Amino acid sequence: MRVLLVEDDEPVAESLRRGLLRYGFEVEWVTTGQAALSVSVPPDLVLLDLGLPDTDGLDVCRALRARGDVPIIVISARSDETDRVVGLEVGADDYVSKPFGVREVIARIRAVMRRVQPKQQALQGPDRYGPLLTLDRKAARVRLAGAEVALSPKEYDLLAFLTEEPGALMSREQIMEAVWDANWFGPTKTLDVHVAALRRKLAGAVLIEAVRGVGFRLVVQEQPE
Ligand code: CA
């Protein structure tokens, strides 16, 4: 996933850029509103600082929104409630105040993408993973060879998260933050229990590979066994 980072403060931008790369995002970094509006490759999401040297970030937000529905997360040094409200009014999807941690930003990105993707996919019908598995993100329904699979809400959330990027290695921390709680800190036994349930219920359609000491990777089985 490609993130456009619009931030003129170099230390802030650099640590955010490194953090995003570590989590597997592609990052294009620009320092002005002008540059943000003239990138050649459209991003999947924009992280937009409001205090820019050339233009008001809110104007950039408005202009981006007028062009299309790219998800926008506004970042601001001011913890002012007005900024937050105005940001959301001019079309931002979410808001983070400085100072923030990279993990907080990642959690916001995941949350925004989860909210946005069902809208984009509504017209396309369910997502297909190999010959057997379909996931209807709008209706939160999973089918295996046409038959609906009964999943608990957290099992569904975990599957929805792991299928966002099949083949990508997700750390236990990333999964816990995205599926359980953005402020999660502690043991991850519950994750193993849910992974085991998904493996059992989706046997033959997907593999959920454990990577020791790191996390999990969902692999679609193109040739069912
Ligand atoms: Ca700034």
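Start by selecting Arg110: at 8% relative accessibility, this arginine counts as buried. Keep in mind as you go that the model is predicted. Arg110 sits in helix 5, which runs over residues 102-121. Now show what surrounds the side chain. Beyond its neighbours within four places in sequence, Arg110 is in contact with Tyr23, Phe25, Phe161, Glu164, Glu165, Met170 and Gln174.

**Just before helix 5**

Stay in this part of the chain and step back to Pro99, in the loop between strand 5 (94-97) and helix 5. Look at the peptide bond from Lys98 to Pro99: it is cis, with omega near -5°. That deserves a pause, because most peptide bonds are trans.

**The calcium site**

Next, select the calcium ion. Which residues coordinate the calcium ion? Asp8 and Asp49 each do so through OD, and Gly51 through O, at 2.2 to 2.3 Å. Read along the sequence, the donor residues are spaced D-x40-D-x1-G. Asp8 belongs to the loop between strand 1 (2-6) and helix 1 (10-22), while Gly51 belongs to the loop between strand 3 (45-49) and helix 3 (57-67), so this pair ties together parts that are 43 residues apart in sequence. Turn on the surface and you'll find both of them partly covered: Asp8 is partly exposed, with a relative accessible area of 33%, and Gly51 is partly exposed too, at 42%.

**Into helix 3**

From Gly51, move along to helix 3 and pick Val60. Is Val60 buried or exposed? With a relative accessible area of 2%, Val60 is buried. Draw a C-alpha to C-alpha distance from Val60 to Gly33: the two are 5.9 Å apart in space, yet 27 residues apart in sequence. Gly33 is also one of the contacts of Val60, and with neighbours within four places set aside, the others are Ala36, Leu37, Leu48, Leu52 and Thr55.

**Helix 8, inside and out**

Now jump to helix 8, residues 189-201. Its 13 residues reach 19 Å from first C-alpha to last, close to the 18 Å expected at 1.5 Å a residue. Colour the buried residues: Leu191, His194, Val195, Ala197 and Leu198. Then look down the helix axis. The buried residues of helix 8 fall within an arc of 160°, so they line one face of the helix. Flip to the face turned away from that buried side, and you meet the exposed residues Lys189 and Arg200.

What covers the buried residues of helix 8? The cover includes helix 6 (153-162), helix 7 (172-180), strand 11 (206-211) and strand 12 (215-220). Let's visit the two helices in turn.

**Helix 6 against helix 8**

Show helix 6 together with helix 8. They pack at an angle of about 80°, with their axes 10 Å apart, and are therefore roughly perpendicular to each other. For the contact itself, select Lys154, Glu155, Leu158 and Leu159 on helix 6, and Leu191, His194, Val195, Ala197, Leu198 and Lys201 on helix 8.

**Helix 7 against helix 8**

Swap helix 6 for helix 7. The axes of helix 7 and helix 8 come within 11 Å and cross at roughly 80°, so this pair, too, is roughly perpendicular. Here Arg172, Ile175, Met176 and Trp180 of helix 7 meet Thr190, Leu191, Asp192 and His194 of helix 8.

**A closer look at His194**

Before leaving helix 8, zoom in on His194. At 14% relative accessibility, His194 counts as buried, since the cut-off is 20%. Leaving out residues up to four places away in sequence, His194 touches Ser152, Lys154, Glu155, Leu158 and Trp180.

**Last stop: two alanines with positive phi**

Finish among the strands. Select Ala140, in the loop between strand 7 (133-136) and strand 8 (141-144). Its phi is near 55°, a positive value in a residue other than glycine. Ala140 is partly exposed, with a relative accessible area of 42%.

Follow the chain through strand 8 to Ala145, in the loop between strand 8 and strand 9 (147-148). Ala145 also has a positive phi, about 50°, although it is not a glycine. At 59% relative accessibility, Ala145 counts as exposed. Both are worth a click, because most residues other than glycine have a negative phi.

Terms used: Residues are numbered from 1 along each chain as its sequence is written. This is a predicted model: local features need pLDDT of at least 70, side-chain atom pairs count only at pLDDT 80 or more; totals for chains, interfaces and linings use all residues. Side-chain values use heavy atoms; hydrogens and water are left out. Donors are N, O and S atoms within 2.8 Å of the metal (3.2 Å for Na, K and Ca); water is not among the atoms, so sites may look incomplete. Helices (H or I, at least four residues) and strands (E, at least two) are DSSP runs, numbered from the N terminus. Buried means under 20% relative accessible area, exposed over 50%, partly exposed in between (1.4 Å probe, protein chains only). The expected span of a helix is 1.5 Å times one less than its number of residues. The arc is that of the directions from the helix axis to the C-beta atoms. Contact means heavy atoms within 4.5 Å. Axes are lines fitted to C-alpha atoms, for helices over the stretch in contact, and angles run from 0 to 180 degrees between N-to-C directions. Angles under 35 degrees count as roughly parallel, over 145 as roughly antiparallel, 65 to 115 as roughly perpendicular and the rest as oblique.
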